[in-house]
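Visitor: I would like to understand how the descriptive terms for this structure are justified. Please take me through the reasoning.

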Amino acid sequence: MKQTLERLWNDYLADECAAIDTDEERALTRRTVELHEAVNALLNKEQAEAVEKYVDVLCDVEAFFVKKAFLKGCEFATSFLLETACRAYRAK
């Protein structure tokens, strides 16, 4: 099951979850770009590169935990549905 969920995440959901669809998402993205440009204007090249590496790692960590939460949520939902179905079957 884990391989199926991995394929689902990698082949479909990661792209869907990354899509910017709402005004709120667009506003947050714009604000992020504005802050990034403002910070880069204050830094020398070496500092800017260090900040970029730091941000890249933060993004990697966030992506890891989002995927982990998705997989754990699917596992929970599946076990919950199976347990509920089994109890309903036994109750008959």
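Guide: In this predicted model, A77 is found in helix α3.

Visitor: Why is A77 called partly exposed?

Guide: The relative accessible area of A77 is 34%. Buried means under 20% and exposed means over 50%, so A77, at 34%, is partly exposed. The C-alpha atoms of A77 and L43 are separated by 47 Å, with these positions 34 residues apart along the chain counted as their separation.

Visitor: What makes A18 buried or exposed?

Guide: A18 lies in helix α1 and has a relative accessible area of 57%. Exposed means over 50%; therefore A18 is exposed. From A18 to A41 the C-alpha distance is 28 Å, and the two are 23 residues apart in sequence.

Visitor: Why are α1 and α3 called oblique to each other?

Guide: Helix α1 covers residues 2–18 and helix α3 residues 45–91, and they pack at an angle of about 130°. Roughly perpendicular runs from 65 to 115 degrees and roughly antiparallel is over 145, with the rest oblique when not under 35. The angle of about 130° falls in none of these ranges, and the helices are therefore oblique. Their axes are 11 Å apart, and α1 passes α3 in a right-handed crossing.

Visitor: Which residues make the contact?

Guide: From α1 come K2, L5, E6, L8, W9, N10 and L13, and from α3 come V66, K67, F70, L71, C74 and E75. By type, this contact has 8 nonpolar, 1 polar and 4 charged residues.

Visitor: How do you know that α1 and α3 share a nonpolar core?

Guide: The largest nonpolar core has 6 residues, namely L5, W9, L13, F70, L71 and C74. Each of α1 and α3 supplies at least two residues of this core.

Visitor: What is L13 in contact with, leaving aside its neighbours within four places in sequence?

Guide: With those neighbours set aside, L13 is in contact with L8 and F70.

Methods:
Residues are numbered from 1 along each chain as its sequence is written. This is a predicted model: local features need pLDDT of at least 70, side-chain atom pairs count only at pLDDT 80 or more; totals for chains, interfaces and linings use all residues. Side-chain values use heavy atoms; hydrogens and water are left out. Axes are lines fitted to C-alpha atoms, for helices over the stretch in contact, and angles run from 0 to 180 degrees between N-to-C directions. Helices (H or I, at least four residues) and strands (E, at least two) are DSSP runs, numbered from the N terminus. A crossing is left-handed if the near helix is turned anticlockwise from the far one by less than a right angle, and right-handed if clockwise. Contact means heavy atoms within 4.5 Å. Ala, Val, Leu, Ile, Met, Phe, Trp, Tyr, Cys and Pro count as nonpolar, Asp, Glu, Lys and Arg as charged, and the others, Gly among them, as polar. A nonpolar core is a set of buried Ala, Val, Leu, Ile, Met, Phe, Trp, Tyr and Cys residues joined through side-chain atoms within 4.5 Å. Buried means under 20% relative accessible area, exposed over 50%, partly exposed in between (1.4 Å probe, protein chains only).
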